[in-house]
Amino acid sequence: MFVVATAGHVDHGKSTLVRALTGMEPDRWAEERRRGMTIDLGFAWTTLPSGGTVAFVDVPGHERFVPNMLAGVGPVPAALIVVAADEGWMPQSAEHLAALDALGVAYGLVAVTRADLADPGPAMARARAEIAATSLGTVPAVAVSGLTGAGLPELRAALDRLAAGLPAPVVDDPVRLWVDRSFTVRGSGTVVTGTLGVGRLRVGDELELAGADEPVRVRGLHSLGEARPEVTAVARVAVNLRGTPRDRLGRGDALLTPGRFHRTDLVDVRLTGDPAADLPATLTLHVGSAAVPVRVRPLGPDTVRLRLARPLPLLVGDRALLRDPGRHHVTGGVRVLDVVPPPLARRGAAVARAQVLAELDGRPDLAGELRRRRLVRAGALIRMGVPVDAAPVAGDWLADPAHWRRLGEQVTEEVARYAREHPLEPGMPVDALRQRLALPDRVLVEALVRPPLRIHAGRVGAAGADALPEPVARAVQRVRAEYGDRPFRAPEADRLVDLGLGPREIGAAVRAGALLRLADNVVLLPDALDDAVRVLAGLPQPFTLSAARQALDTTRRVAVPLLELLDRRGATRRLPDDARIVVG
Ligand SMILES: Nc1nc2c(ncn2[C@@H]2O[C@H](COP(=O)(O)OP(=O)(O)OP(=O)(O)O)[C@@H](O)[C@H]2O)c(=O)[nH]1
Ligand SMILES: [Mg+2]
């Protein structure tokens with residue numbers, strides 16, 4: 001199927017032509033038929049001589065209904081521009097063409113209608129000349145009469161040729177179905193329709209609804225009036241949603257492949273065409289079937305920042321248009337450059353940003369995104385519309401290679417600085433390092449720590465950093481020299497102070513396994529435990545505290561906590577009469 005939207009001034013015969021081609025009534029509303037004027041979008045389809053199907057989105061030509069027209073053409077990549085032979089090129093011929101140009105529509109043809117009323121030549125020449133200057137370029141033109149049917153076979157053949165020249169549909173990309181209608185079907189619930197430009201929908205699919213948190217599920221699909229288990233782009237499609245109230249969604253909403261779109265209310269864009277120098281501060285942004293008021297902040301000569309009144313699922317490279325609703329004027333097209341732009345808080349930030357934007361063209365550019373964002377999750381890039389084909393540095397994080405190298409160097413520097421400032425600690429806590437480098441995720445720290453550094457017990461240090469800090473090592477050395485032959489004599493508190501072993505130093509030595517702490521200010525060399533068990537095993541069993549104290553040649557200050565520690569470790573057992581035995 002291919003989908004084509006009509007375009008053209010009011011009363012030039014668009015709906016009559018669609019009716020003549022399809023035998024279907026595009027003006028769905030009684031009011032439209034009563035007034036002989038299209039108000040909202042109409043939908044009709046027919047089979048072409050080739051056997052292919054063309055579906056029309058018939059738009060209103062009246063200037064009051066241009067927003068409806070834009071909702072119809074927004075998601076449609078081809079246009080049938082209708083000009084009446086007897087009236088020729090008119091204001092909405094121009095405005096509709098400007099809209100197609102702004103959206104970058106590249107495929108189309110001209111039908112000069114009402115050719116039974118006047119010579120179609122001048123209208124055709126003017127239309128082709130106007131169109132040639134736009135994204136559509138040189139287009140074929142056919143003179144027709146919706147009244148007599150003259151020219152219709154030629155028009156069908158021209159539509160077939162147009163279809164044959166369209167790019168192959170992209171069916172594997174994520175779905176972003178812009179809703180152009182929503183209604184309730186008795187017994188089925190809410191149904192939305194739209195033009196599926198890319199991707200595929202299946203019954204049972206779970207989709208995101210832009211603007212809602214919970215997913216929605218596809219209960220049924222119709223295309224061209226028939227139920228289908230699956231619909232692939234390009235197609236007109238009606239989606240029946242399970243359990244979604246009708247008032248939850250309408251024109252301008254979008255059904256999305258989950259996790260593939262970022263909803264943004266701030267975008268940096270390039271203006272296309274001839275942007276006016278004095279852009280109004282507020283305009284309406286039209287994209288897909290959505291129309292959202294925006295505040296415009298100029299940045300560079302042809303780049304602006306748009307603040308959207310509500311978020312939209314936009315991607316880098318999206319085409320959209322800005323319109324001044326007050327002046328009935330398509331201000332110009334935009335191409336989305338960045339859907340997650342940085343805040344412009346600092347002085348000079350806007351100027352710097354304009355320079356960055358000058359380099360962007362809306363084509364997704366992974367290397368450039370990494371250079372600008374430095375560290376970013378793969379999922380976030382994909383949701384911006386930037387395909388990811390690089391390996392993550394950790395988890396799903398991607399990094400700019402130069403930035404990652406710099407971070408690696410900073411890790412070494414920060415850990416060394418921390419060791420200088422905290423000589424008694426066995427390395428820098430991982431979280432302190434994470435904060436110091438302003439890294440958003442701990443896995444990044446873990447990936448940045450490389451030998452000779454390593455992470456041990458939540459700290460980053462040199463391998464063997466559980467070795468003692470220099471001053472503590474010296475103090476322990478002196479304890480060894482003085483007490484090595486009296487292993488159960490613990491230094492008195494004032495002696496510890498003389499040796500330079502305050503509570504922090506003792507803590508460091510104990511953590512490193514260089515001292516054994518029995519109680520506050522009671523420390524032994526670590527081999528003392530095994531030696532004590534050996535000595536005690538030589539005593540007649542069971543033995544008393546006093547026998548132990550004498551055998552170990554020590555004081556109660558040491559013997560009491562030492563035996564309690566041996567009890568806890570299961571090396572000795574305390575009997576009901578307070579005597580002990582060595583176990584095993
Ligand atoms: N003689 C003649 N009249 C036509 C032809 N096409 C349309 N008309 C008449 O022109 C009037 C407008 O036709 P529509 O088809 O409603 O025009 P439209 O472009 O759809 O108008 P809007 O949707 O309101 O923009 C109707 O009265 C039609 O009968 C034609 O080829 N020949
Ligand atoms: Mg009409």
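**Note on the predicted model: ligand sites, one helix and some backbone details**

1. In this predicted model, an oxygen atom of ligand 1 sits 3.0 Å from a polar backbone atom of Asp11. A second backbone approach involves Gly61, where a polar atom lies 2.7 Å from an oxygen atom of ligand 1, while Thr38 offers a polar side-chain atom at 2.6 Å from an oxygen atom of the ligand. Taken on its own, ligand 1 has 650 Å² of accessible area, and the protein covers 82% of that.

2. The surroundings of ligand 1 comprise 19 residues, of which Lys14, Thr16, Thr38, Gly61 and Gly146 come nearest. Sorted by class, this shell holds 10 polar, five nonpolar and four charged residues.

3. Thr38 also takes part in the metal site, since the protein donors of the magnesium ion (ligand 2) are Thr38, through OG1, and Ser15, through OG, at 1.9 to 2.0 Å from the ion. These two residues are 23 residues apart and link distant parts of the chain, with Ser15 in helix H1 (residues 14–22) and Thr38 in the loop between helix H2 (30–35) and strand S2 (42–47). Both Ser15 and Thr38 are buried.

4. Which residues of helix H16 are buried, and how are they arranged around its axis? The buried residues are Ala528, Leu529, Ala532 and Leu536, and, viewed down the axis of H16, they fall within an arc of 95°, so they line one face of the helix. As a general matter, an α-helix has 3.6 residues a turn, so residues three or four places apart point the same way.

5. The face of H16 turned away from the buried side carries Asp530 and Arg534, which are exposed. Asp530, located in this helix of residues 528–537, has a relative accessibility of 55% and therefore counts as exposed, the cut-off being over 50%. Along the chain, Asp530 and Ala548 are 18 residues apart, and their C-alpha atoms are separated by 14 Å.

6. A contrasting environment is found at Thr195, which belongs to strand S8 (residues 189–196). Thr195 counts as buried because its relative accessibility is 3%, and buried means under 20%. The side chain of Thr195 makes a polar contact of 2.7 Å with the side chain of Arg236.

7. Two peptide bonds deserve a look in the model, given that most peptide bonds are trans. The bond from Ala233 to Val234 is cis, with omega near 0°, and Val234 is placed in the loop between strand S13 (230–232) and strand S14 (235–242). The bond from Gln541 to Pro542 is likewise cis, with omega near -15°, and Pro542 lies in the loop that runs between H16 and helix H17 (545–552).

8. Two backbone phi angles can be read alongside these bonds, as most residues other than glycine have a negative phi. Leu224, although not a glycine, has a positive phi of about 50° and is found in the loop between strand S11 (216–223) and strand S12 (226–228). Ala438 has a positive phi as well, near 55°, and its place is the loop between helix H11 (430–436) and helix H12 (442–448).

9. Are Leu224 and Ala438 buried or exposed? Leu224 is buried, with a relative accessible area of 17%, whereas Ala438 is exposed, with a relative accessible area of 63%.

Conventions. Residues numbered from 1 in each chain as written. Chains lettered and ligands numbered in written order. Predicted model: local features only at pLDDT ≥ 70, side-chain atom pairs only at ≥ 80, totals over all residues. Heavy atoms only, no water. Near = heavy atom within 4 Å. Polar contact = N/O pair within 3.5 Å; in protein donor to acceptor, adjacent residues only side chain to side chain. Areas by Shrake-Rupley, 256 points an atom, 1.4 Å probe, with all protein chains shown as cover. Nonpolar A, V, L, I, M, F, W, Y, C, P; charged D, E, K, R; others polar. Donors = N, O, S within 2.8 Å, 3.2 Å for Na, K, Ca; no water. Helix = DSSP H or I, 4+ residues; strand = E, 2+ residues; numbered from the N terminus. Buried < 20%, exposed > 50% of the residue type's maximum accessible area, 1.4 Å probe, protein only. Arc of directions from axis to C-beta.
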